[in-house]
Amino acid sequence: MGSTRSPGPSGTAAGDGTEDDHWDSDFGSDFDENPGEMRHRSRPSVEQVHSGLGNGVANGRKGHSSEWIESNARNDSDYEEGEEHEHLLDPNLPDGETIELHRMDSGGLASFDDEAASKAGEENSPYEEVRAAVRNYDEDLPCNTLRAWTIGMTLVLFGASMNTLFSLRQPSIGLGALIAQIIAWPLGRAWENVVPDRQIRIFGLRCDLNPGPFNIKEHSIIVVMASVSFSVAYATDVILAQMVFYKQNFGIIFQLILTISTQSLGYGIAGMMRKFLVYPASMIWPGNLVTVALMNAMYEKHEAPDPSIIGGRMPRYRWFGVVAFISGIYYFIPGFFAQFLSVFAFATWMAPESPVVNQIFGGITGLSFLPITFDWTQIAGYIGSPLIPPWHAIANTLIGVVLFYMVLSPLFHYTGVWYASYLPILDSSTYDNTGATYDVSKILTPEFTLNEEAYKAYSPVFISTTFAMSYGLSFAAIAALIVHTYLHHSKSIWKQYKNSTNEKPDIHMKLMQKYKEAPSWWYFSLFAIVLALAFVSVLAYPTNLTWWAFLLAVSISFIFSLPIGIIQAVTNHQIALNVLTELVYGYIQPGRPLALMLFKTYGYITMSQALTFVSDLKFGHYMKIPPRTMFMAQVVATTVSCFIQIAVLNFVLGNVEGVCELTQPQRFTCPGGRIFFSASVIWGLIGPSRVFSPGQIYSGLLTFFVIGAVAPVIFWFAAKRWPRSPAKYLMAPLIFGGAGAIPPATPLNYLSWGIVGYVFQHLVKKYHFRWWTRLNYLTSAGLDLGLALGTLVIFFVFTLNEIEAPRWWGNNVVTTTMDYQGKAIQVVLPAGETFGPQVW
């Protein structure tokens, strides 16, 4: 942590040494020791800007050292060759953006404090979204402090335990990193004012109890700890399915090894992906911009008001507070007192017993052809805030929703494809040939393997039309992802692989170069250790997963991390690998449900975790957090959270009566573990060969692989032929995979999300850019926080105390429809009759 220092601007005095932000440990200083490496990354004082003194600053611009100019001269020719055409095809760059780094106009600077506003015309990010949220300067502030670690680990304990507990309940509640960001602020301020200012030693390391004012970098480290630890480990669902439904218990050591290995294996991949997904300016990671904007607003000291826009007279953090308060209070209306406003499917109220009306207009198990909602939960609950992703990403997702779910799905359903008239049009359950929920117990042996004779005597598996469509789109998205990445990014990936210095760094990369990078061998060593732990969990216990299948799962995660990471970094959408991993393992080693669960976890979650870590690294990049501090914070918080989650999980399983039973009084029914169990039976027990192979009911869905591979080629040729046309915005992986939450999400969620996104990310951004620059991301954060707080209050005050919502027409009318009851089926067979093929 080092000694106390003043939180002055970085490098404001010529020749100033930069103090170590780390404890006195073997990791050494986070800062590069060559003073020349710090010059052009410094934040000049106002006096330097006006006088032209200090670090070569003149005429209001930062001077560049001769070394940097020479380095740029060597790289510019390589960088600019073909760059203009590549920028024409970059959907995130504004139309007409120049090759040189874009300069902010003075109006856009109202988002920052006065000192930042004085830097109009300085070098900045070429991307409007980044300019609107991220400061283009750095400050020397301590972040690896005892205060940050204490508050951070306390919140890790609270968040990981609460989310693990809530994950066992239906409906579930999740505490996100945004909650930690809000709570950490008063805790840090209280520490600043109460704890004495003296030094102590911990394990031989000298650190300050109170290093001065609680600062933005300490706050950022706390948010990173929360980000990597609050999400419930995917492995807990494996453990639930194993212990509760398969009645297997390999012990606490197996649970810990499995959880730690699945949660941490992605760190090695993240370390390898830094030069591709963190350092380039084009890798925006839009989801981080909300957190960054809120963080900056919380620490603005001399903010210039902008009376020309709504909300511009008040400080940005006050605006955030107002929005959060209104959002929280408002949620009580659609969430408790007037629930008809949540899914405003008035057509189903007028014809509650009509299957077709409920299928077409329903918003819960229907297609919602009139997507009306007054509930932020419906808009942002499944997909995230529509105020974050760029408009082109929202538009691509809407193209997929309209084409495949609003056009093709009803066409298939009402022409009888896949025996659709006997099934719901939208849900995520599995059915037998009587229309009842598929009873997997009828086809299981005592060893939990497939009883083929019982299967042939019982029924094939049937799924709803949109569920089948979602599988087809998953196939198409994977094929499109591979082709799209090859066509659009293969050259830049290869160049970046050969020499990452060929890309001209943006201002944020330049600022980060004053800190020592976390060496690659840290990541590789951690990867090797965790890989060894994973081998132990797979091979030392009777999991039935072979060593080569495990390595195949890890390889799938590694191979897809880069292309999926590129899509997520640009669009804020991650394409899931769960269906692909289930499909692959279901074919290569059928009949092994537990092994399939492990294969899916290592093949999917390793990639997902790697991209979570990369996203946090980009957040640290934006906030100018030393990479070595980031590494330690991420690894320690992740590891500690695994112990916490396993402890809470076992405590609940051993102490809550009737846990995981559908009739459990407090609704601790373990929905995640139940779904995991069902998937393991369908994909691991029955296997995809009995569902998707030629001659089977859903074999036609395999053609989506071809469709997904061809579409990116068509879009690529169109964008090449007309580089300034809307064709450059078409992204096949997003069109096919953007609506991956359907089902259980519905078109209501996506269409309402798209409408709000169009308003804020297109109309407001285009016609009210000053408001969008200043307040868009804070509005998003306020709406999300208000919803989270309102949900928690309703849960703890009403739900846990079994206080029902008021009984009146606005609440009762919702429950009378077939859409709500999940009974919107055209043909209900009499008892004893079946549908579907005669032989399977």
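Colleague: How much space lies in the largest cavity?

Modeller: About 130 Å³. Do keep in mind that we are looking at a predicted model.

Colleague: What makes that space a cavity and not a pocket?

Modeller: A 1.4 Å probe fits there but cannot get out, which means that the space is closed, whereas a pocket is open. With a threshold of 30 Å³ or more, the count of cavities comes to six.

Colleague: Which residues lie closest to the centre of the largest cavity?

Modeller: They are R135, Y137, I216, N296 and M623, out of 13 lining residues. Each of α8 (216–229), α12 (286–298) and α24 (593–623) gives the lining at least two residues. Sorted by class, that lining holds seven nonpolar, five charged and one polar residue.

Colleague: How do you know that α8 and α12 meet?

Modeller: Contact requires heavy atoms within 4.5 Å. On the α8 side we find I216, H219, S220 and V223, and across from them in α12 are T291, M295, N296 and M298. By class, this contact has four nonpolar and four polar residues, with no charged ones. The two helix axes are 10 Å apart, at an angle of about 145°, and the crossing is right-handed.

Colleague: Why do we say that β1 and β2 pair?

Modeller: Pairing needs at least two bridges, and β1 (residues 199–202) and β2 (residues 205–208) have four, so they qualify as a pair. Their sense is antiparallel. Q199 has D208 as its bridge partner in β2, while I202 is partnered by L205.

Colleague: What do β1 and β2 form, and what is the phi of F203?

Modeller: They form a hairpin, with two residues between the strands. F203, in the turn, has a positive phi of about 50°.

Colleague: What makes a positive phi worth pointing out?

Modeller: Most residues other than glycine have a negative phi, so a positive one goes against the general pattern. Y419 is another example, with phi near 55°. You will find Y419 in the loop between α17 (391–414) and β3 (430–431).

Colleague: And which peptide bond is cis, with omega about 15°?

Modeller: That is the bond joining P743 and P744. Most peptide bonds are trans, so a cis one is an exception. To find the place, look for P744 in the loop between α28 (732–737) and α29 (747–767).

Key
Residues are numbered from 1 along each chain as its sequence is written. This is a predicted model: local features need pLDDT of at least 70, side-chain atom pairs count only at pLDDT 80 or more; totals for chains, interfaces and linings use all residues. Side-chain values use heavy atoms; hydrogens and water are left out. On a 1 Å grid over the protein atoms alone, a cavity is a set of points where a 1.4 Å probe fits but cannot get out, and a pocket is an open set with protein on both sides within 12 Å along at least five of seven lines; lining residues have an atom within 4 Å of a point. Grid points are joined across faces, edges and corners, and a volume is the space filled by probe spheres set on the points. Ala, Val, Leu, Ile, Met, Phe, Trp, Tyr, Cys and Pro count as nonpolar, Asp, Glu, Lys and Arg as charged, and the others, Gly among them, as polar. Axes are lines fitted to C-alpha atoms, for helices over the stretch in contact, and angles run from 0 to 180 degrees between N-to-C directions. A crossing is left-handed if the near helix is turned anticlockwise from the far one by less than a right angle, and right-handed if clockwise.
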